[in-house]
Amino acid sequence: EPDRGEIERSIVSTITKLLPEHSDSFVIRCLFDENPKEEFCLYAKEVKADTVIIFTRERHGIFESSFAQYAARHSPCNVLIMRP
C-alpha cells in the first residue's frame, strides 16, 4: 500500500509523544498483514510481550473493534484497549 510508510510514521510519532522519558522498555510496532489478528498474537508471543496497548476507533461491540476483541481473547499477554 502506498500510504503504509506515512501511516506507520504517524502512529509511531503519536505514541512516542505519549511515552514517558527514558521508556526503553516500550516497543512500537505497526503490523501490516493479510491476517493482522493472528499475526499480532504470533508477534506478541515471539517477543514475549508483557502488555500491549491497542488503540481502536471502530465500534463493533460496546467499545471494541473485532481486532481488539480477538486480541483480548487470544493474546498471550495482557491487552489494554483504548479509544481516542
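Where does Arg-83 sit relative to strand 2? Arg-83 belongs to the segment after that strand, which spans 78-82. Everything below comes from a predicted model: local features need pLDDT of at least 70, side-chain atom pairs count only at pLDDT 80 or more, and totals for chains, interfaces and linings use all residues. Residues are numbered from 1 along each chain as its sequence is written, and side-chain values use heavy atoms, with hydrogens and water left out.

**View 1. The whole protein, before zooming in.** The protein has 3 helices and 2 strands. Helices (H or I, at least four residues) and strands (E, at least two) are DSSP runs, numbered from the N terminus. Following the sequence, the pattern reads α-α-β-α-β. Of the 84 residues, 17% count as buried; here buried means under 20% relative accessible area, exposed over 50%, and partly exposed in between (1.4 Å probe, protein chains only). Among contacts with a separation of 6 or more, 59% come from residues 24 or more positions apart. A contact means heavy atoms within 4.5 Å.

**View 2. Arg-83 and its partner across the chain.** Arg-83 is partly exposed, because its relative accessible area is 34%. Phe-55 is 28 residues away from Arg-83 in sequence, yet the two are 5.6 Å apart in space, C-alpha to C-alpha.

**View 3. Helix 2 against helix 3.** Helix 2 (residues 36-46) packs on helix 3 (residues 66-74) at an angle of about 35 degrees, and their axes are 10 Å apart. Axes are lines fitted to C-alpha atoms, for helices over the stretch in contact, and angles run from 0 to 180 degrees between N-to-C directions. The crossing is right-handed, meaning that the near helix is turned clockwise from the far one by less than a right angle (anticlockwise would be left-handed). Helix 2 brings Pro-36, Lys-37, Glu-38, Phe-40 and Cys-41 to the contact, while helix 3 brings Ser-66, Phe-67, Tyr-70, Ala-71 and His-74. Sorted by type, these residues come to 6 nonpolar, 2 polar and 2 charged. For that count, Ala, Val, Leu, Ile, Met, Phe, Trp, Tyr, Cys and Pro are nonpolar, Asp, Glu, Lys and Arg are charged, and the others, Gly among them, are polar.

**View 4. The largest nonpolar core.** This core has 8 residues: Phe-40, Cys-41, Ala-44, Val-52, Ile-54, Ala-68, Ala-71 and Cys-77. A nonpolar core is a set of buried Ala, Val, Leu, Ile, Met, Phe, Trp, Tyr and Cys residues joined through side-chain atoms within 4.5 Å. Helix 2, strand 1 (51-55) and helix 3 each supply at least two of its residues, and helix 2 gives the most, with 3. Now look at Ile-54: setting aside neighbours within four places in sequence, Ile-54 is in contact with Phe-40, Phe-67, Ala-68, Ala-71, Val-79, Leu-80, Ile-81 and Met-82.

**View 5. The cysteines.** The whole structure turns up 0 disulfides (a disulfide being a pair of cysteine sulfur atoms within 2.5 Å). Cys-77 is in no disulfide, and the nearest cysteine sulfur, that of Cys-41, is 8.2 Å away. Cys-77 counts as buried because its relative accessible area is 12%. Cys-30 is buried too, with a relative accessible area of 11%.

**View 6. Val-12 and Cys-30.** Val-12 lies in helix 1 (residues 4-18). With 29% relative accessibility, Val-12 counts as partly exposed. Between the C-alpha atoms of Val-12 and Cys-30 there are 8.1 Å, and along the chain the two are 18 residues apart.

**View 7. The loop between helix 2 and strand 1.** Lys-48 lies in this loop, and Ala-49 is found there as well. Most residues other than glycine have a negative phi. Lys-48 is not a glycine, but has a positive phi of about 55 degrees. Lys-48 counts as exposed because its relative accessibility is 72%. Ala-49, at 22%, counts as partly exposed. Beyond its neighbours within four places in sequence, Ala-49 is in contact with Ala-44 and Cys-77. The C-alpha atoms of Ala-49 and Ser-75 are 9.6 Å apart, with their positions 26 residues apart along the chain.
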